[in-house]
Amino acid sequence: MTVAACLFFVALLAPSLLAQSEPGRPARLRFEEISQKAGVSHVHHIRTFKGKKGDVLGMFTSGGASVAVTDYDGDGWDDFFLTDSQEGEANRLYRNRGNGTFADVTQSAGVGGGNDARSIVADALWFDYDNDGRADLLVVRFGTPLLYHNQGGGNFKDVSATSGLNKFGNTVAAIAFDYDRDGYLDLMLGNYFKSENLLDLKTPHVLPNDLDNAVNGGGVTLWRGDGHGRFTEVTEKAGFARHSGWTLDIGHGDFDNDGLQDVYLACDYGTDRIFFNNGDGSFRETTEKALGYDTKKGMNAEAADYDNDGWLDIYVTNITDEYMKECNMLWHNNHDGTFTDLSKETGTCDTLWGWGAKFGDFDNDAWQDLFAVNGLRSAGKDNFIPVLVNMIITPGIDFTDINNWPDIGDMSWSGFQKKKLFLNLGADTFKEMSADAGVDNDLDGRGVALADFDNDGLLDIFQTNANQRVLLYHNQSPNPGRWVGLKLVGTKSNRDAIGTRVTLRAGNRSLIREVSGGNGYSAQSSTRLHFGLGAADRIESLEIRWPSGLVQKLDVPLDRISYIKEGTGMIAAPAASEGTPK
């Protein structure tokens, strides 16, 4: 759709947009924050650095507040893992009791470690690397990763030493996907700084060499899994070795509808990059043609078909504050290998200092909405931005030298920002309604994970915050549409079914979803697929395209979660403690 057409439809819809804001009318989206009620009391801590410029390093590493969602014990209820970043502080595993509360099982599971004197935990990812039906856990760090094998019975074993994942990196992002379609999950790690241990600095020249076109970051590494817990680096062979940007997030999806998983890299201090899968173990970069080069501060990579045209689009958060006026990017897929940024036209441009963002159909009306978190540092009343600008305009300044950066002290930097929730109205139009929905907190957000934690057919929101407590928003939206939930189990494909695409047709709409292996900054959403159907009371067709190439067409019931096994069809849902269906 052209920009002119978008604006035309916005004009047509204006009366309905205004009607939703009228006083006394109930909000279409409504959430209640229930973290304390649910027994989730985790508070994230950023790493404290020693030395004169410790506060500057602390600012540059103030991500790390991550959440990863999965049903790790296979009882039919999604659980979650939370990270911390301070030395000696534990990460936390919470088990879903199925009654609206969660139990902290970190100690018995043995997955709390990672924050030692030479390592900083930054992100986490669930993935079944050996296809045994139990979700294993990767904890990525400024350092080397930790890999925990799920032994069953709530117990995990640290298998990092034999995993092959022994390369030091300042890793802040990770995805699991089967890039070569051999049935085993592979890993891509996104690295922010170059390979320099920030906790034992040998040089002060570790910061970006350019605030708009930096090329001295950590890039990415790609690791091929053998299905037995061993990973081999294939970065150069796959075509990613030349990338040296400051990677903040990685997103994957089949962007050209050829059945192969492609990759989008969101990069700080310079251009994002997109790579298409050649199908022979290698990727080709098409950034210039597909997107064009940018000088923004890419923070988030999320893929979804927001306009229901059958092609995955990409949402990237950037920075829009009193100094940087960058605007986000909503890359509309043009169906020909190129993308057009429609963030301004759709109303999703400004989320302030953006971090994680996720698409999900929160009111089950068959249109995917968007929740985005923001805020860098909420502290004292003094503002760090004017101090920073004085440094930036100093002639001949060496940005890489940490000693040239001004002390932050107790100053705030783009803090106390209200979160953004965009209701998808169709016709390439979104309406911001975080206040009406009850999610307009002003904490320093980082990650956003979506899951139906109580299996009621409405997507809930988990929000992590840097140096602050987490938030769990229970979806209580009134009068939602009907829905379908799917948990896919691969056989020839990887067991997690990551990369599987489902096309559902209902109410004369065609909806697509893909199982993601960790898209979105500092958060992994549930691998269960969720479809809102609006007013439709039946499914016209449902087609599943597995990574193996198998295509299945099935009938599934409405208003429940169905378990589907590759090549078999619907199978029984798990009873408590049974584990993932065989």
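Here, "buried" means under 20% relative accessible area, "exposed" over 50% and "partly exposed" in between, with a 1.4 Å probe on protein chains only. The model shown is predicted: local features need pLDDT of at least 70 and side-chain atom pairs pLDDT 80 or more, while totals for chains, interfaces and linings use all residues. Residues are numbered from 1 along each chain as its sequence is written, and side-chain values use heavy atoms, without hydrogens or water.

**View 1. F31 and F362 form an edge-to-face aromatic pair.**
The ring centres of F31 and F362 are 5.6 Å apart and their planes stand at 85°, so this pair is edge-to-face. (Rings of Phe, Tyr and Trp, the last by its six-membered ring, pair if their centres lie within 6.5 Å; planes under 30 degrees apart are stacked, over 60 edge-to-face, the rest tilted.) F31 belongs to strand 1 (residues 31-33), whereas F362 sits in the loop between strand 22 (354-360) and strand 23, so the pair ties together parts that are 331 residues apart in sequence. (Strands, E of at least two residues, and helices, H or I of at least four, are DSSP runs numbered from the N terminus.) F31 counts as buried because its relative accessibility is 3%. F362 is also buried, because its relative accessible area is 0%.

**View 2. F80 and F453 form another edge-to-face pair.**
For F80 and F453, the distance is 5.8 Å centre to centre and the angle between the planes is 75°. F80 is found in strand 3 (residues 79-82), and F453 in the loop between strand 26 (445-451) and strand 27 (460-465). This pair links distant parts of the chain, 373 residues apart. F80 and F453 are both buried. The count of aromatic pairs comes to 30. Elsewhere, one aromatic cluster is formed by F60, F142, Y192, F193, W246, Y269 and W405.

**View 3. Strand 1 is an edge strand of an open sheet of four strands.**
The order of the strands in this sheet is 1-28-27-26, and the pairing is antiparallel. (Two strands pair if DSSP finds at least two bridges between them.) Strand 1 and strand 26 are the edge strands, each with pairing on one side only. Strand 1 pairs with strand 28 (residues 471-475) in the antiparallel sense, over three bridges. In this pairing, E33 of strand 1 stands opposite Y473 of strand 28. F31, the residue of View 1, also belongs to strand 1.

**View 4. Strands 18 to 21 make up an open antiparallel sheet.**
This sheet has four strands in the order 18-19-20-21. Its edges are strand 18 (302-304) and strand 21 (339-341), each of which pairs on one side only. Strand 19 (residues 313-316) and strand 20 (residues 329-333) run antiparallel and are joined by three bridges. One residue to find here is Y315, whose bridge partner in strand 20 is L330.

**View 5. Strand 24 is covered on both faces.**
In a regular strand, side chains alternate between the two faces of the sheet. Strand 24 (residues 420-426) is mostly covered, with seven of its seven residues buried. K420, F422, N424 and G426 lie on one side, and L421, L423 and L425 on the other. Strand 24 pairs with strand 23 (residues 369-374) in the antiparallel sense over three bridges, and A372 stands opposite K420. Four bridges also join strand 24 to strand 25 (residues 429-432), again running antiparallel. There, G426 stands opposite T429. Strands 24 and 25 form a hairpin with two residues between them, and A427 takes a positive phi near 55°.

**View 6. S434 is a buried residue of helix 8.**
Helix 8 covers residues 434-437. S434 is buried because its relative accessible area is 4%. Leaving aside neighbours within four places in sequence, S434 is in contact (heavy atoms within 4.5 Å) with K419, K420, L421, V439 and D440. Among these, K420 and L421 also appear in View 5, on opposite sides of strand 24.

**View 7. The largest nonpolar core has 110 residues.**
A nonpolar core is a set of buried Ala, Val, Leu, Ile, Met, Phe, Trp, Tyr and Cys residues joined through side-chain atoms within 4.5 Å. L138, M188, L486 and L488 have the most contacts inside this core. Strand 10 (residues 169-177) gives the most to the core, with six residues. Apart from this core lies another, of 17 residues, including Y72, F81, V121 and A135. Not counting residues up to four places away in sequence, L488 touches R495, D496, A497, T500, V502, V515, L529, I544, W546 and I564.
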